[in-house]
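Q: Please take a close look at one part of this predicted model, the annotated binding site and what surrounds it. I would like one connected account, written for someone who will work from the coordinates.

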Amino acid sequence: MSDAALELVDIGANLSHSSFRKDLDEVLEEAARVGVQTLIVTGANAKSAVDGLALARRHPERLRATAGFHPHHAAEWHGESEALLRELAADPLLVSVGETGLDFYRDISPRPVQERVFERHLELACELKLPVFLHQREAHERFRDMVRAYRDDLVDGIAHCFTGDRRMLHEYLDLGLHIGITGWVCDERRGQALRECVADIPLDRLMIETDCPYLMPRTIRPRPKTRRNVPAHLPYVLDEVATLTGHNRATIARATTTNARRFFRL
């Protein structure tokens with residue numbers, strides 16, 4: 001089955017990034033040619049959330065958006081930030097609260113600030129009855145406990161760009177979270193722990209994403225001349241997940257697209 005015959009959803013695409021400013025229409029056309037028909041534009045701070053929703057309004061047949069403050073941007077949260085997220089969430093093209101969570105790897109925002117802002121996002125997602133788009137790096141236990149405290153009231157959640165090991169995976173699955181897999185799974189060096197456990201993800205909890213322009217799959221041949229990842233590379237993630245799980249690519253495509261449609265109410 002050709003890529004064009006498969007219908008894929010890229011659930012994490014940073015299309016408001018400056019690298020897409022000049023050629024976004026071409027990027028979307030290229031994605032469509034390999035079956036990536038629908039994309040969720042990630043909002044990671046005030047500007048990217050506003051810009052991402054603007055892109056979805058320009059391309060309502062293809063794009064939806066999320067809105068939140070990535071933990072790196074948690075220190076940017078101020079008195080008007082919650083009002084902004086509420087305003088954006090009033091648009092039906094806004095389908096999730098986030099990107100939000102904890103990142104203790106670099107501590108770009110102080111940890112207490114990250115936790116306070118993450119909590120506000122969780123509260124808002126519960127109130128607005130929107131799923132939450134989650135980020136975690138080097139903060140598993142605290143992140144897990146904070147999500148658990150709100151899980152009964154959250155309509156749904158996804159561990160976006162999951163890069164963890166089997167223990168982390170099963171603790172997130174026990175919380176009823178979906179799991180987003182990126183090109184990290186194509187990296188035999190950094191992604192070994194993920195590669196060893198990806199087959200444990202139930203088909204009804206699995207989604208795929210590029211996180212473009214980041215996380216270029218290392219399995220692309222010939223190697224691209226640019227380091228910019230694009231949505232058209234999503235089939236490389238699909239193929240690696242299919243190989244590691246023992247399912248054919250059509251099964252993975254069908255499952256991940258069905259899950260994305262349900263999760264984001266597409």
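A: Once neighbours within four places in sequence are set aside, His135 is in contact with His70, Pro71, Glu99, Thr100, Gly101, Leu102, Asp103 and Phe143. One of these contacts is polar, since the side chains of His135 and His70 are joined at 3.4 Å. His135 itself belongs to strand E5, which covers residues 132-137, and with a relative accessible area of 13% His135 falls under the 20% limit and is therefore buried.

The interest in His135 comes from the record: an unreviewed UniProt entry lists His135 and His160 under "binding site". Although these two residues span 26 residues in sequence, their C-alpha atoms are no more than 5.8 Å apart, so they gather at one spot. Both His135 and His160 are included in the lining of the largest pocket.

His160, unlike a residue placed within a strand or helix, sits in the loop that runs between strand E6 (157-159) and helix H6 (166-174). His160 is buried, with a relative accessible area of 5%. Not counting residues up to four places away in sequence, His160 touches Glu99, Phe133, Leu134, Gly180, Glu209 and Asp211. With Glu99 there is a polar contact between the two side chains, at 3.3 Å. Glu99 also appears among the residues in contact with His135, and Glu99 is therefore a contact of both annotated histidines.

Glu99 leads on to Thr66, a residue of strand E3 (residues 63-67). Leaving aside neighbours within four places in sequence, Thr66 is in contact with Ile40, Val41, Thr42, Gly43, Ala49, Leu94, Ser96, Gly98 and Glu99. Thr66 is buried, its relative accessible area being 1%, and its side chain is placed against backbone atoms of two glycines. A polar atom of the Thr66 side chain lies 2.9 Å from the backbone nitrogen of Gly43, while the backbone oxygen of Gly98 lies 2.7 Å from a polar atom of that side chain.

The nonpolar surroundings can be described next. In soluble globular proteins, nonpolar side chains tend to be buried together. Here the largest nonpolar core holds 79 residues, of which Leu15, Leu63, Phe118, Phe162, Ile179, Ile181 and Val241 touch the most other members. Helix H4 (residues 111-128) supplies the largest share of this core, seven residues. Because domain 1 (7-41 + 162-265) and domain 2 (44-155) both give residues to the core, it lies between them. A second, separate core of 10 residues includes Ile158, Ala260, Phe263 and Phe264.

Phe162, named above among the core members that touch the most others, is in contact with Met168, Leu169, Tyr172, Ile179, Gly180, Ile181, Leu194 and Cys197 once neighbours within four places in sequence are left aside. Among these, Ile179 and Ile181 are likewise named for touching the most other core members, and Gly180 is also touched by His160.

A last residue to inspect is Gly191, found in the loop between strand E7 (178-181) and helix H7 (192-197). Gly191 is buried, with a relative accessible area of 0%. Measuring C-alpha to C-alpha, Gly191 and Gly164 are 8.5 Å apart in space, while 27 residues apart in sequence.

Conventions:
Residues are numbered from 1 along each chain as its sequence is written. This is a predicted model: local features need pLDDT of at least 70, side-chain atom pairs count only at pLDDT 80 or more; totals for chains, interfaces and linings use all residues. Side-chain values use heavy atoms; hydrogens and water are left out. UniProt positions are given in the numbering used here, feature names are shortened, and annotations may be inferred rather than shown by experiment. On a 1 Å grid over the protein atoms alone, a cavity is a set of points where a 1.4 Å probe fits but cannot get out, and a pocket is an open set with protein on both sides within 12 Å along at least five of seven lines; lining residues have an atom within 4 Å of a point. Helices (H or I, at least four residues) and strands (E, at least two) are DSSP runs, numbered from the N terminus. Buried means under 20% relative accessible area, exposed over 50%, partly exposed in between (1.4 Å probe, protein chains only). Contact means heavy atoms within 4.5 Å. A polar contact is a pair of N or O atoms within 3.5 Å; within protein, one must be able to donate a hydrogen and the other to accept it, and residues adjacent in sequence count only if both atoms are side-chain atoms. A nonpolar core is a set of buried Ala, Val, Leu, Ile, Met, Phe, Trp, Tyr and Cys residues joined through side-chain atoms within 4.5 Å. Domain bounds come from an automatic or database domain assignment.
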